[in-house]
Amino acid sequence: MGRELLCLCRVEARRLIWLIGMMFAVILVFQYCEFPYGNLLSSLFSAGKASVGGNSSFQNGDSPSQSVSIGNMTNLIDSNSHSTYSVHERANTSNGRDSIPKDASLSGKNGGSNHSLGLDKDSSPENLVKLNNISSENNGSAAEEAREPEQRFYQTNYTTDSDFSIHKIEKDYNTSTSEHIESSDAGFASPSPAVPPMNSSPHVASPPLSGKGKNSSLNRVPKVNKGLELPTSSVVSISEMGDLLLQSRASSHSATPQWSSVVDQELLNARLLIENAPIINNDPNLYAPIYRNVSMFKRSYELMEDNLKVYIYREGEKPILHQPRLNGIYASEGWFMKLLEANKKFITRDPRKAHLFYLPFSSLMLEETFYVPNSHSFDKFIQFLRNYLDMISAKYSSWNRTGGADHFLVACHDWAPAETNRIMAKCIRALCNADVKEGFVLGKDVSLPETYVRLARNPLRDLGGKPPSQRSILAFFAGRMHGYVRSILLQHWENKDPDMKIFGLMPKAKGNKNYLHHMKNSKYCICAKGYEVNSPRVVEAIFYECVPVIISDNFVPPFFEVLKWESFAVFVSEKDIPNLKTILLSIPEKRYLQMQKRVKKVQKHFLWHANAVKYDIFHMILHSIWYNRLYQLNPR
């Protein structure tokens, strides 16, 4: 009896070992094929590790700090809950330029071969990433600390917040610039939607033919993820914004797509080529001091020109969709819509070839169509957009693949952040109301220039101003008393000093000549916020070749990812308004002349043309959207 029991136990043990072996083999097959649970083993064996820029990693827990090299940055990563970054630029070698990745084929200009952006099958993006110089003018070092708290997206089966404080909208879009409509004081406050890292697989899976079925739901609960922590103070300085942008670039955070696509690999390859851009010296079309990194910008712009494809959803009826408004202070969204829809170079009719997807609605027409005066409600706005996205997601697989992370919108109305901060949280949002403390995500969202176009058939009318030697006015401002900042400005400076021409509304004159005369004859033009952080005066100052003085705490200036605003503009904290003249007089004449020269150099990036031209505002908006999308992808 004992022997029989022993034999039976041995047989059962063999069966158990065989069963465990079969289960292990099945897991390995799943791992190899990269099925939805294919990362099970790697997650088990690599617990406690997280990827940092390519093939670098840091340990969680109490292990010692270690030095991680990301391109030209050396990051000292502490292993506890804080990550301390000590960033050092390394001098470029190899005859003045970084080496280009061996297997990364070029597409387009700059002496490269005219091949596609597809990665060689043996190339691994994380083994190729090598950042170019962070700044073309900064050769020193900087240290910063950042904690990344867990933040989460709103659920996309959201509820609507209707208790916003909405100021009266005045709809006379043909008034003088001194009567600008900077309308709402929408009192919404939402956490910055941080986005989880994208893992784009080297194996390209075939997407579903349509968005119908289980993947078409917009009610999928987004994943919890980590994002950048804003400074605890109430004001984020322009230098702190630069630090946040750098952190964002070092830690890509876009949602993992439902399935991979060849376009993801094309974008990753473009990013590698940009990060290894050859050093540019004395380009006649690009004045290096006004850019964060002129070499990377030039390479990125060229790759965009040669490769970017955008799909525009044709669904939707006018006037909210496909009907641009080309004049007034919200004209930026209309001009962009008009020029992109007429563009044959960037547009594709095949969504499978698209790197980006444009949602062509007008935030201005949304307000004019649905807003009920004194209702203080955005319900109808959000319901319209929700229905539009439901229709898109049911008809197309593109929205469902990324949850909207490769989709973008261009909206200039003050209320656009409130309308989109939940239902389009993952999208790249080009917003005029770019408030870093009110949900604008540096590194994902784009600050859209607010341009006041008086005459749609001639947007360049009255361009330019007097040379510096003939500008007799130290500082100038005129406008309606929207918001608290302008009231403080006039309280301290209206009719107080002959050098400071600070007014409320100016007397009307034919062709707005009184206002234009002051803009064209002033050294510094005061760009004080209204109800929101944005103001058309920022672009106006550049238009009239006047150095902008931006008084708007937490405002992210346009094209922040590319332009070095400190080189041609003055930023004054709202609390320093009483010291405004002292601050301006403390700027040496040589420095003023340098800044005014740079204003003239940067001006071309803020001009609308009936037919888009190289480096104009249309191309700059599209470039910032393209550029931010590149850095949302995370090579693995």
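**A walk through the sheet, the core and the disulfides**

Let us begin with two strands: β12, which covers residues 428-431, runs parallel to its partner β13, and 2 bridges hold the pairing. One of the residues involved is L431, whose bridge partner in β13 is S447. Keep in mind as you look around that this is a predicted model.

Now step back to the sheet they belong to. Here 5 strands lie in the order β9-β10-β11-β12-β13, forming an open sheet with parallel pairing. The edges are taken by β9 (310-312) and β13 (446-447); each has a single partner strand, so one side of each has no neighbour in the sheet.

Next, find helix α5, residues 262-275. With 14 residues at 1.5 Å a residue, α5 should span 20 Å, and its end C-alpha atoms are indeed 20 Å apart, so the two values agree. Of those 14 residues, 13 are buried, which means that α5 is largely enclosed by the rest of the structure.

What fills the inside? In soluble globular proteins, nonpolar side chains tend to be buried together. In this model, the largest nonpolar core has 143 residues, and those with the most contacts inside it include F336, I526, W565 and W626. Helix α17 (residues 617-630) gives the most to this core, with 9 residues. To get a feel for the surroundings of I526, look beyond its neighbours within four places in sequence: among its contacts are F476, L489, V549 and L580.

Let us turn to the cysteines. How many disulfides are there? The count comes to 2. A disulfide is a covalent bond between the sulfur atoms of two cysteines. One joins C412 to C432, with an S to S distance of 2.1 Å. The torsion about this S-S bond is about -95°, so the disulfide of C412 and C432 is left-handed. This pair links distant parts of the chain, 20 residues apart: C412 is in the loop between β11 and α11, while C432 is in the loop between β12 and β13. C412 counts as buried because its relative accessibility is 0%.

Another disulfide joins C525 to C546, with 2.2 Å from S to S. This link is right-handed, with 110° about the S-S bond. Here C525 is in strand β16 and C546 is in the loop between α14 and β17, 21 residues apart.

Finally, why does C527 not bond with C525? The sulfur of C527 is 6.7 Å from the closest cysteine sulfur, the one in C525, and that is too far for a bond. C527 is nevertheless buried, with a relative accessible area of 2%.

Notes
Residues numbered from 1 in each chain as written. Predicted model: local features only at pLDDT ≥ 70, side-chain atom pairs only at ≥ 80, totals over all residues. Heavy atoms only, no water. Helix = DSSP H or I, 4+ residues; strand = E, 2+ residues; numbered from the N terminus. Expected span 1.5 Å × (residues − 1). Buried < 20%, exposed > 50% of the residue type's maximum accessible area, 1.4 Å probe, protein only. Pairing = 2+ DSSP bridges. Core = buried A, V, L, I, M, F, W, Y, C linked by side-chain atoms within 4.5 Å. Contact = heavy atoms within 4.5 Å. Disulfide = S-S within 2.5 Å.
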